[in-house]
Structures are given as structure tokens and as C-alpha cells.
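Work through the exercises below with the sequence and the coordinates at hand. Each task is followed by a solution in steps.

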Amino acid sequence: MTRNGIITGAGTGIGAAIADRLAADGTNLILVARDGARLDETARRLRAAHGIEVRTVPLDLSRPDAAAELEKHLAGTDIDVLVNNAAVAHVGTVADAGPDRIRATVDLNATALAEITARFLPAMLARGRGAIVNIASTAAYTPAPWNAAYAASKAFVLSYTRALAIETEGTGVRVVAVSPGAVETPMNPGHFRGKRSPEQVADTVVAALRGRAPAVVDGRLYAAQVFVFSRILPTRTGARMIGRFFARAARKSAAPQ
Ligand SMILES: NC(=O)c1ccc[n+]([C@@H]2O[C@H](COP(=O)([O-])OP(=O)(O)OC[C@H]3O[C@@H](n4cnc5c(N)ncnc54)[C@H](OP(=O)(O)O)[C@@H]3O)[C@@H](O)[C@H]2O)c1
């Protein structure tokens, strides 16, 4: 039986690694991101490696009409798997980021994810099968000063997904949030111990699709970190500690190279 999957933010990083894993299982893919040339390159590689069909949809998902455009573009195609992965982060204070960057972060990370899900879910429910994976972050579990809008948008993703997992119980549609910690991708360059690879996260996504949990943290180290920050430390203490980490990262990225 042919399966079709949408992956947003599929040209790089975690999205590209998830595309590889789904393609290896024979899922035909629709890849979405802004950079069409990079998507075409990924599509060529996937077709050659796995013999699947790949369509590319260059789209800025932070635009208010983007989710509707994606749905229109895919009219007549049954979607079996939806991976909402595209996101942006801005490390720095809210005041430094400014209103446009803050709005763009929320528009993409939260609004687009929520709307795309709402557009493709009803057909899955009608067919009694399908899966939606929303990529959140360990940042979803604690407020993050110097990365505030990103962490808040990921908290939205986590809460939305957990609620949806209950709404869809017994329908044949699987909904799960996967939260990576630090992963070696263009969003998070620079090596340090404990950093995970996009391929490891993709493996966690595949395992999460087969499991039953509504929310999964990628990697044992990050699962332990989330436990400490969300269940043991008072929220304000955890947020201050996370804030020190991002404030340092913000100073580093502002320093002359
Ligand atoms: N890397 C980490 O440490 C880490 C940790 C926790 C969670 N995550 C999450 O993992 C997911 C993937 O991130 P990544 O690390 O793989 O980063 P990445 O390589 O920067 O991937 C982000 C993807 O989103 C796409 N994108 C950005 N803005 C877009 C827009 N307006 N419209 C459509 N697509 C857009 C980008 O492609 P274009 O630029 O071509 O649009 C890119 O392919 C994100 O949800 C991120 O929050 C990452």
C-alpha cells in the first residue's frame, strides 16, 4: 500500500534525517520549506537512494495563508504521516529580537503547526488511520530567558499535541510530540558533549510513531534533564539556570568572530 508523508523543514537537519527514515520505509514524501533548490537536492537524493516519489513545495510557512496553500496544493492526496518540524529560534532577549522576529517565531513554530495539523487531521480521522509528529524541544518544558519566544512556542506545541493525543484516542490516528535536546544542525552549530545527531532524533521519531506515549524526549540524558527541570526544580530556579545558558550563547554569537 502506498503511504504519503509531509515533512516541513525537510531540506536540512532533523527534517532531512526524518525524510531519510520515512523514505527507507517506502513512504512517498512531500517536502516543505522556503529554499526550493535545497528541497530539490534532498528530493533527488531520496529518489535515488530509496526509489520513492518525492514532491517539493517551496513555501514560507510563517505567512498567514501558507497552511491553506499547502492543503490546496495537496488536494486529492491522502496523507498518512504529517511531520511538523519547521521552526526558527532567536537567541537573545525579546527586546533585542524585536516585534517582527518574535511574531515570525510564533507564526511558524506555533500557528503554522497548529493550523497545518487542523487542516490534515480530519481526513485522517475519516479514514481511521494516520500519524502526526510534532517536533517540540526540551525547551518546551521550562521557560527560557534569552530564548523566550522559542521556548514558549515549543510549550504550545507540547500542550497542543498532548491534548490532541487524547482527542484522537481510539480513532486510529497517532499523535505524538518528540522533544530533542541539543542536536548538531544549522539551527544549533558548534560541538559539545552530549549533542545528538539528526539521525538519532529521526530514530526516536520512528520509535515514537510505533509507541503509545503522547510525548517523547530524545535521548536518555535529555529525558533526565527534562525530569529534573520540570518535576524537581521550582520553575523560576530552572528558568534562571536555562537563562544563564542562553545568555552566554547570546553573548558568544554577538562577539566578533
Ligand atoms: N537543533 C537543535 O538543537 C534542536 C533542539 C530541539 C528542537 N529542535 C527542533 O527540531 C526542528 C528542526 O530543527 P533543526 O535543528 O533541524 O534546524 P534547521 O536545520 O534550521 O531546520 C529548520 C528547517 O525549517 C525550515 N524553515 C525555517 N523557516 C521556515 C519558514 N518560514 N517556512 C518553512 N520552512 C521554514 C528551514 O528551511 P528553509 O530555511 O529552507 O525554510 C529548515 O529546513 C525544529 O522544530 C527545532 O525547533 C532542534
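The exercises concern a predicted model and go from the overall fold to the ligand and then to single residues.

**Exercise 1. Overall dimensions**

Task: Determine whether the radius of gyration of the protein agrees with that of a compact globule.

Solution:
- Step 1. The chain has 257 residues, and for that number a compact globule would have a radius of gyration near 18 Å.
- Step 2. The protein has 18 Å, so the value agrees with the globule rule.
- Step 3. For the extent along the principal axes, the C-alpha trace gives about 50 × 40 × 35 Å.

**Exercise 2. Fold content and contacts**

Task: List the secondary structure of the protein, then state how much of the chain is buried and what share of the contacts is long in sequence.

Solution:
- Step 1. Counting elements gives 8 helices and 7 strands.
- Step 2. Buried residues make up 48% of the 257.
- Step 3. Take the contacts with a separation of 6 or more; 70% of these join residues 24 or more positions apart.
- Step 4. The accessible surface is about 12800 Å², and carbon and sulfur atoms hold 55% of this area.

**Exercise 3. The ligand shell**

Task: Describe the residues around the ligand by class, and find which polar atoms lie close to its oxygen atoms, using the 3.5 Å limit for a polar contact.

Solution:
- Step 1. The shell contains 31 residues, of which Asp60, Asn85, Tyr150, Gly181 and Thr185 come nearest.
- Step 2. Sorted by class, the shell has 16 nonpolar, 10 polar and 5 charged residues.
- Step 3. Helices α1 (13–24) and α5 (148–167) each contribute at least two residues to the shell.
- Step 4. From the side chain of Thr12, an N or O atom is 2.8 Å from a ligand oxygen. For Asn188, a polar side-chain atom lies 2.9 Å from an oxygen atom of the ligand. Val183 uses its backbone instead: an N or O atom there is 2.8 Å from a ligand oxygen.
- Step 5. The ligand alone exposes 880 Å², and the protein buries 93% of that area.

**Exercise 4. Thr204**

Task: Is Thr204 buried or exposed, and which residues does Thr204 touch?

Solution:
- Step 1. Thr204 sits in helix α6, residues 198–210.
- Step 2. Its relative accessible area is 14%, and the limit for buried is under 20%, so Thr204 is buried.
- Step 3. Leaving out residues up to four places away in sequence, Thr204 touches Val178, Arg196, Val216 and Asp218.
- Step 4. With Asp218 there is a polar contact between the two side chains, at 2.5 Å.

**Exercise 5. Ala110 and Phe245**

Task: Assign Ala110 and Phe245 to an accessibility class, and give a C-alpha distance for each.

Solution:
- Step 1. Ala110 belongs to helix α4 (residues 94–127), and Phe245 to helix α8 (residues 235–254).
- Step 2. Ala110 has 5% relative accessibility, so Ala110 counts as buried.
- Step 3. Phe245 has 42%, which lies between the 20% and 50% limits, so Phe245 counts as partly exposed.
- Step 4. Ala110 and Ala155 are 45 residues apart along the chain, with C-alpha atoms separated by 9.1 Å. Phe245 and Val216 are 29 residues apart, and their C-alpha atoms are separated by 23 Å.
- Step 5. Not counting residues up to four places away in sequence, Ala110 touches Thr105, Ser153 and Phe156.

Terms used:
Residues are numbered from 1 along each chain as its sequence is written. This is a predicted model: local features need pLDDT of at least 70, side-chain atom pairs count only at pLDDT 80 or more; totals for chains, interfaces and linings use all residues. Side-chain values use heavy atoms; hydrogens and water are left out. Helices (H or I, at least four residues) and strands (E, at least two) are DSSP runs, numbered from the N terminus. Buried means under 20% relative accessible area, exposed over 50%, partly exposed in between (1.4 Å probe, protein chains only). A residue is near a molecule or strand if one of its heavy atoms lies within 4 Å of it. A polar contact is a pair of N or O atoms within 3.5 Å; within protein, one must be able to donate a hydrogen and the other to accept it, and residues adjacent in sequence count only if both atoms are side-chain atoms. Accessible areas come from the Shrake-Rupley method with a 1.4 Å probe; for residues, only the protein chains shown count as cover. Ala, Val, Leu, Ile, Met, Phe, Trp, Tyr, Cys and Pro count as nonpolar, Asp, Glu, Lys and Arg as charged, and the others, Gly among them, as polar. Contact means heavy atoms within 4.5 Å. The radius of gyration is taken over C-alpha atoms; the globule rule is 2.2 Å times the number of residues to the power 0.38.
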